Amino acid sequence: MRTVIVGAGQAGRRTAELLRGLDAGHDILLLGEEAEPPYDRPPLSKEILLGEEHPRGLMQRDAEAYDAQRIALRLGERVAGIDLGAARVETNAGERIAYDSLVVATGARARNLPIPGADDRRVLTLRSMADARALRARLRPGLRLAVAGAGLIGLEVAAAAIQLGCAVTVLEMGERAMARCVPEAISTRIEAWHRAAGVVLEFGCPLTAIRPESDALHLVTSRGVIAADLLLVAIGAIPNSELAREAGIAVEDGILADASGRTSHPQVFAAGEVARIWQEAAGRHIRFETWQVAQHQPVAVANALCGAQRPYAELPWHWTDQYGRNVQILGAHGAGLDWLEREDGERLASLGVDAEGRVQGAVLIDNGREATPLRRIIAAGRPIERDRLLDPSVALRQLC
Amino acid sequence: MAWHDVAPEGDFLEEIPKVVQVGEDRVAVFRLDDGFYAISDVCTHEYALLSEGFCEDGKVECPLHQACFDIRTGKVLNEPAEIDVETYPTRVEGGVVQFQL
Ligand SMILES: Cc1cc2nc3c(=O)[nH]c(=O)nc-3n(C[C@H](O)[C@H](O)[C@H](O)COP(=O)(O)OP(=O)(O)OC[C@H]3O[C@@H](n4cnc5c(N)ncnc54)[C@H](O)[C@@H]3O)c2cc1C
Ligand code: FES
């Protein structure tokens, strides 16, 4: 059995290693476009910018570690096409490689700003190690950095840059920080950390054009023109699903996959952030942009490749680190929840409760200890009285 | 190597470790149903204190990215950590829990 994995990122590595653990005889080829062996991306907007050269959080193994696991790792090679009929992929160099099963683990790329001037050299995005190194090399004291987008990555970069002595302005079209994933009260806290550190936050402030001048980028916004030496665009990610789409695999903002990662073609699987995965509990396909999905959904894929069933059905979870504080976000929470806060010194648990009194989601600040109890409370889906949820003498673990 | 006092035996609550700093080392001491166990308090993935993590069934979960460690053996049980944590011998002397480092 030969499995070819396209995309040597976190999900590609996990799929290869898990598959090797399940089947000693499998022939595994991991093909990636980046020059670097696979790594986890979270440190790119955190430790790497702050100058830690090789954080262990990258989970980066050297080439020998792949040899030792008998995973053939080929880097710096882009797959240009998939021929489903012949069961082959073709690389950019024109080489054709046959497979019995194919795993597409091509991740996502940073979304560019669709406005004039965005192609200037001083306009950057952050997705890869190469991007992180390029950004870090330019973050000098006194540099005027503008960040477009007050999501996780934009705010992490703003936090790192202000700590490095840059003058930082964040321009956000929406009304608050991290609006897609946290309730308003948490946005307010996070905004306060940034303002206390000296970051200028501009909400309701879309960037409409960039005028590159020799002295600065002139950023045209609804609040007037802002001069910056560098602009980091952090306005979301786009799944790298073109390869699958062009081959004729069903794609809809991500490759459609069942809970085992199977796509519309029986020999082809999708792993990690590129996949839009069927979630039984939600009754729809969901695409996750998290470390969690790249880490754990490959368990389902590797098992399916070996004929076993381990459907992916985790409660969504992700985190951000800013100013030495850790924020964890559990569950996918829409509007209509009532947010209750349990505070214990510096630790916070904010619980999103629905009209029936069921906890549907949570945000934890410096309080990772409560993630597992909360995961269980949310999974159980039982209404809990408000008084008990708020009673500091009742530990959350007693409620699950 | 020396024995270091942690706290009187009766002061321990199950699932809540006590932490002692010895020079550069931070040690977390847990009471489990079969005795006291001491491990290094620092996660081997990035940097987090295991004593701030969730503890159950002889395992402690890192509060940051949820790597789990076996408190009795120090063995790492899942990614993203891949290195075991140090363990230290413990004893109870005159009602006081101690570990050796
Ligand atoms: C800066 C940054 C910070 C983050 N921080 C956090 C965080 O704190 N917490 C959290 O939960 N999540 C975080 N994330 C999200 C998380 O890192 C991603 O969801 C995760 O990396 C997805 O893994 P993946 O393997 O699916 O994709 P990737 O890691 O992107 O891997 C895909 C790989 O495929 C390669 N590739 C693409 N097309 C081809 C092709 N045609 N041929 C060959 N190779 C190809 C790409 O070059 C890439 O190397 C962060 C992401 C970024 C960018
Ligand atoms: S620091 Fe412990 S799992 Fe990451």
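**Two helix pairs and a few single residues: group meeting talk**

Let me begin with helix H4 (residues 152-163) of chain A and helix H5 (residues 184-197) of chain A, which pack at an angle of about 25° with their axes 10 Å apart. Helices here are DSSP runs of H or I with at least four residues, strands are runs of E with at least two, and both are numbered from the N terminus. The axes are lines fitted to C-alpha atoms, for helices over the stretch in contact, and the angles run from 0 to 180 degrees between N-to-C directions. H4(A) and H5(A) are therefore roughly parallel to each other, given that angles under 35 degrees count as roughly parallel, over 145 as roughly antiparallel, 65 to 115 as roughly perpendicular and the rest as oblique.

Before going on, I should say that this is a predicted model, in which local features need pLDDT of at least 70 and side-chain atom pairs count only at pLDDT 80 or more, while totals for chains, interfaces and linings use all residues. Residues are numbered from 1 along each chain as its sequence is written, chains are lettered from A and ligands numbered from 1 in the order in which they are written, and side-chain values use heavy atoms, with hydrogens and water left out.

Back to the first pair: the crossing of H4(A) and H5(A) is left-handed, a word used if the near helix is turned anticlockwise from the far one by less than a right angle, with right-handed used if clockwise. Leu155(A), Ala158(A), Ala159(A) and Ile162(A) of H4(A) make the contact with Ile190(A), His194(A) and Ala197(A) of H5(A), where contact means heavy atoms within 4.5 Å. Six of these residues are nonpolar, one is polar and none is charged; Ala, Val, Leu, Ile, Met, Phe, Trp, Tyr, Cys and Pro count as nonpolar, Asp, Glu, Lys and Arg as charged, and the others, Gly among them, as polar.

One member of that contact deserves a closer look, namely His194(A) in helix H5 of chain A. Is His194(A) buried or exposed? With a relative accessible area of 1%, His194(A) is buried, where buried means under 20% relative accessible area, exposed over 50%, and partly exposed in between (1.4 Å probe, protein chains only). Not counting residues up to four places away in sequence, His194(A) touches several residues, including Val199(A), Leu201(A) and Gln322(A). The side chain of His194(A) also makes a polar contact of 2.9 Å with the side chain of Tyr323(A); a polar contact is a pair of N or O atoms within 3.5 Å, and within protein one must be able to donate a hydrogen and the other to accept it, while residues adjacent in sequence count only if both atoms are side-chain atoms.

That partner, Tyr323(A), lies in the loop between strand E22 (317-322) and strand E23 (325-330) of chain A, and its phi is near 55°, a positive value in a residue other than glycine. Most residues other than glycine have a negative phi, and most peptide bonds are trans. Met59(A) likewise has a positive phi, near 55°, and sits in the loop between strand E2 (27-31) and helix H2 (63-68) of chain A. In chain B, the peptide bond from Glu79(B) to Pro80(B) is cis, with omega near 10°.

The second pair is helix H1 (residues 10-22) of chain A and H7(A), which pack at an angle of about 35° with their axes 8 Å apart, and here the crossing is right-handed. The residues of this contact divide into 11 nonpolar, five polar and two charged. His296(A) is found in helix H7 (residues 291-305) of chain A and, at 27% relative accessibility, counts as partly exposed. Its C-alpha atom is separated by 8.3 Å from that of Ala11(A), although the two are 285 residues apart along the chain. A polar contact of 2.9 Å joins the side chains of His296(A) and Glu314(A).

Finally, what surrounds the side chain of Asp354(A), a residue in the loop between strand E25 (347-353) and strand E26 (359-365) of chain A? A polar atom of that side chain lies 3.0 Å from the backbone nitrogen of Glu356(A), and a polar atom of it lies 2.9 Å from the backbone nitrogen of Arg358(A). Asp354(A) counts as buried, at 11% relative accessibility, and, leaving aside its neighbours within four places in sequence, is in contact with Leu337(A) and Gln360(A).
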